[in-house]
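Let's take a friendly walk through a protein model together. Have the sequence and the 3D view at hand, and look up each residue as it comes along.

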Amino acid sequence: LMKMENHPAGQNMTVAIMSYEGYNMEDGIILNKGSLDLGMQRSFYYKIQGSSEVKYPGGLNDKIKLPSEEVKGYRLPETYRFLDTDGIVNVGTYVKTGDALIGKISPPKFNEDTQGFGQMVNLELDSTLVLKEDEKGRASKIFILENKAGDKEVNVILRDQRIPVVGDKFASRHGQKGVV
């Protein structure tokens, strides 16, 4: 068994402390691009995205399914291209900003029509979970469960590989930070 105090988690490297071409940048770090291309210091970032079928008073509730074009707020068909027939993205699919993860339809809402004489409008709304700006990753796991309120909940775990770039910080075990 490995003991964490003897072998800390993470990637350990041997480093050389020196000035480079006469420049002493104090906290600057230079990494070998060939080593980075071979996988050095790569990591994975995991994020959970979820949505649930909320039950509203009066017997109305949300439905997790693939929205149809008749639903109010329907987006472009490209948004839903990775959703399966059950309205959930498939495991292993790479998604990025603007792609749908979980299709959801909310029950009809009663709004007053300002153009008419107080008529009531009854339309289902598209409440699909769509990735926001700068969110991307591969759907690595999907969990369908029941939450404490008794509602069906779908959670998708997104996995995004992070490769070191200029501006990232690295530190030794003693907390001596440096910027690439």
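This report goes from the overall fold to the sheet, the core, the salt bridges and a few residues of interest.

## The overall picture

Keep in mind from the start that this is a predicted model. The protein chain holds one helix and 11 strands. If you read along the sequence, the helix comes at the start of the pattern, which runs α-β-β-β-β-β-β-β-β-β-β-β.

How much of the chain is buried? Of the 180 residues in the protein chain, 27% are buried. The chain exposes about 13,200 Å², and carbon and sulfur atoms supply 53% of that area. Contacts tell us about the fold as well: among those between residues at least 6 apart in sequence, 57% join residues at least 24 apart.

## An open sheet

Find the four strands that make up an open sheet in the order β1-β9-β8-β3, where the pairing is antiparallel. Which strands form the edges? They are β1 (43-52) and β3 (94-95), each of which pairs on one side only.

Strand β3 is joined by two bridges to β8 (residues 137-146), and these two strands run antiparallel. A good spot to look at is V95, which stands opposite G137 in β8.

## The nonpolar core

In soluble globular proteins, nonpolar side chains tend to be buried together. In this model, the largest nonpolar core has 16 residues, and those with the most contacts inside it are V89, V95, L101, I102, V156 and L158. Three strands, β4 (100-102), β7 (129-130) and β9 (152-162), each supply at least two residues of this core.

You have already met V95, opposite G137 in the sheet; V95 is also among the core residues with the most contacts inside the core. L158 is another of those residues. What does L158 touch, apart from its neighbours within four places in sequence? Its contacts are Y45, Y46, K47, Q49, V95, L101, L131, G137, R138 and A139.

## Salt bridges

Side chains of opposite charge can pair when their charged atoms come close. A search of the whole structure finds seven salt bridges, including those in this table.

| Salt bridge | Closest N and O atoms |
|---|---|
| K47 and E135 | 2.8 Å |
| D62 and K104 | 3.6 Å |
| D160 and R162 | 3.2 Å |

Start with the salt bridge between K47 and E135. K47 lies in strand β1 and E135 in the loop between β7 and β8, so the pair ties together parts that are 88 residues apart in sequence. The two partners differ in how much they are covered: K47 is partly exposed, with a relative accessible area of 33%, whereas E135 is buried, with a value of 14%. K47 is also one of the residues in contact with L158.

Next comes the salt bridge between D62 and K104. This pair, too, links distant parts of the chain: D62 is in the loop between β1 and β2 (63-64), K104 is in strand β5 (residues 104-112), and they are 42 residues apart. Are these two residues buried or exposed? D62 and K104 are both buried.

The third pair, D160 and R162, belongs to a network of salt bridges that also includes K136. D160 is buried, with a relative accessible area of 8%. R162 counts as partly exposed because its relative accessibility is 39%.

## Two residues with positive phi

Two residues that are not glycines have a positive phi: Q41, at about 60 degrees, and D134, at about 65 degrees. Where do they sit? Q41 is in the loop between α1 and β1, and D134 is in the loop between β7 and β8. Their surroundings contrast: Q41 is buried, with a relative accessible area of 16%, but D134 is exposed, at 68%.

## A nonpolar patch on the surface

Finally, turn to the surface. Which residues form a nonpolar patch there? M13, V15 and I17 do, and together they have about 360 Å² of accessible area. M13 lies in the segment before α1 (33-37). With a relative accessibility of 39%, M13 counts as partly exposed.

Definitions and conventions:
Residues numbered from 1 in each chain as written. Predicted model: local features only at pLDDT ≥ 70, side-chain atom pairs only at ≥ 80, totals over all residues. Heavy atoms only, no water. Patch = residues over 30% accessible without salt bridge, like charges linked within 9 Å, V, L, I, M, F, W, Y side chains within 5 Å. Areas by Shrake-Rupley, 256 points an atom, 1.4 Å probe, with all protein chains shown as cover. Salt bridge = Lys/Arg side-chain N within 4 Å of Asp/Glu carboxyl O. Buried < 20%, exposed > 50% of the residue type's maximum accessible area, 1.4 Å probe, protein only. Pairing = 2+ DSSP bridges. Core = buried A, V, L, I, M, F, W, Y, C linked by side-chain atoms within 4.5 Å. Contact = heavy atoms within 4.5 Å.
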